[in-house]
Amino acid sequence: MRDQAIASGDQAYGAVVVKDGKIVGLGPSRVVANTDPTGHAEMETLRDVARHLGAHDLAGCKIFTTSPLCRMCETAPYWANIRRIYTGPGAEDRGPPTYGC
């Protein structure tokens with residue numbers, strides 16, 4: 001996803017959501033491409049998986065991102081009931097998301 005974001009002229013960030021060992025949503029950063037300040041890779045990924053699964057409750061899912069999450073991108077998985085965040089090339093377990101407000 002990171003490479004896809006770069007190829008489209010956007011920031012070098014990407015994320016995927018996994019459920020039961022399968023990728024169910026993915027997203028490159030689209031901040032620049034969509035002129036959207038909320039178009040972070042994590043937000044795009046959550047939108048993709050919600051559409052794919054047809055649900056806003058993403059319990060049982062994990063999110064993997066290329067870098068540590070900003071407050072917005074950590075709060076959104078919290079509200080979606082995602083309970084594990086993994087970041088960076090080594091998929092470091094960052095634990096559960098927190099309510100960042």
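The legends below describe close-up views of a predicted model.

**View 1. Arg30, Glu44 and Arg47 are joined by salt bridges into one network.**
The structure as a whole holds four salt bridges. In one of them, the side chain of Arg30 meets the side chain of Glu44, with 3.0 Å from N to O. This pair links distant parts of the chain, as its two residues are 14 residues apart. Arg30 sits in the loop between strand S2 (22–28) and helix H2 (41–53), while Glu44 belongs to helix H2. Glu44 also forms a salt bridge with Arg47, and here the closest N and O atoms are 2.8 Å apart. Glu44 and Arg47 are both part of helix H2, with a spacing of three residues, or about one turn of the helix. Glu44 is thus named in both bridges, once with Arg30 and once with Arg47.

**View 2. Is Glu44 of the network buried or exposed?**
Glu44 has a relative accessibility of 8% and counts as buried, because buried means under 20%. Its two partners fall in another class. Arg30 has a relative accessible area of 27%, which makes it partly exposed. Arg47, at 30% relative accessibility, is also partly exposed.

**View 3. Arg94 and Glu92 form a salt bridge.**
The side chains of these two residues meet with 3.6 Å from N to O. Arg94 has a relative accessible area of 42% and is partly exposed. Glu92 is partly exposed as well, with a relative accessible area of 45%.

**View 4. The rings of Phe64 and Tyr86 are stacked.**
A search of the whole structure finds four aromatic pairs, and Phe64 with Tyr86 is one of them. A pair of aromatic rings is described by two values, the distance of the centres and the angle of the planes. For Phe64 and Tyr86, the centres are 4.7 Å apart and the planes make an angle of 15°. The pair counts as stacked because planes under 30 degrees apart are given that name. Phe64 lies in strand S3 (residues 61–65) and Tyr86 lies in strand S4 (residues 85–87), so the pair ties together parts that are 22 residues apart in sequence. Phe64 is partly exposed, at 27% relative accessibility. Tyr86, in contrast, is buried, with a relative accessible area of 14%.

**View 5. Tyr78, Trp79 and Tyr99 form one aromatic cluster.**
Within this cluster, the ring centres of Tyr78 and Trp79 are 5.5 Å apart. Their planes stand at 85°, so this pair is edge-to-face. The name applies because the angle is over 60 degrees. Tyr78 counts as partly exposed, at 31% relative accessibility. Trp79 counts as exposed, at 55% relative accessibility. Arg83 is also in the view: it lies over the face of Tyr78, at 6.0 Å from the ring centre.

**View 6. Thr35 has a positive phi in the loop between S2 and H2.**
Phi of Thr35 is near 45°, a positive value in a residue other than glycine. How exposed is Thr35? Its relative accessibility is 69%, and it counts as exposed. Arg30, shown in the first view, is also placed in the loop between S2 and H2.

**View 7. Asn81 also has a positive phi, in the loop between helix H3 (71–79) and S4.**
For Asn81, phi is near 70°, again a positive value in a residue other than glycine. At 26% relative accessibility, Asn81 counts as partly exposed.

**View 8. Helices H2 and H3 are roughly parallel to each other.**
Two packed helices are described by the angle between their axes and the distance between the axes. The axes of H2 and H3 come within 9 Å and cross at roughly 25°. Why are H2 and H3 called roughly parallel? The term is used because angles under 35 degrees count as roughly parallel. The crossing also has a hand: H2 passes H3 in a left-handed crossing. H2 is the helix that holds Glu44 and Arg47 of the first view.

Methods
Residues numbered from 1 in each chain as written. Predicted model: local features only at pLDDT ≥ 70, side-chain atom pairs only at ≥ 80, totals over all residues. Heavy atoms only, no water. Helix = DSSP H or I, 4+ residues; strand = E, 2+ residues; numbered from the N terminus. Buried < 20%, exposed > 50% of the residue type's maximum accessible area, 1.4 Å probe, protein only. Phe/Tyr/Trp six-rings, centres within 6.5 Å; stacked < 30°, edge-to-face > 60°. Lys NZ or Arg CZ within 6 Å of the ring centre and 35° of its normal. Axes fitted to C-alpha atoms, helices over the stretch in contact; angles between N-to-C directions. Parallel < 35°, antiparallel > 145°, perpendicular 65-115°, else oblique. Left-handed = near helix turned anticlockwise from the far one by under 90°.
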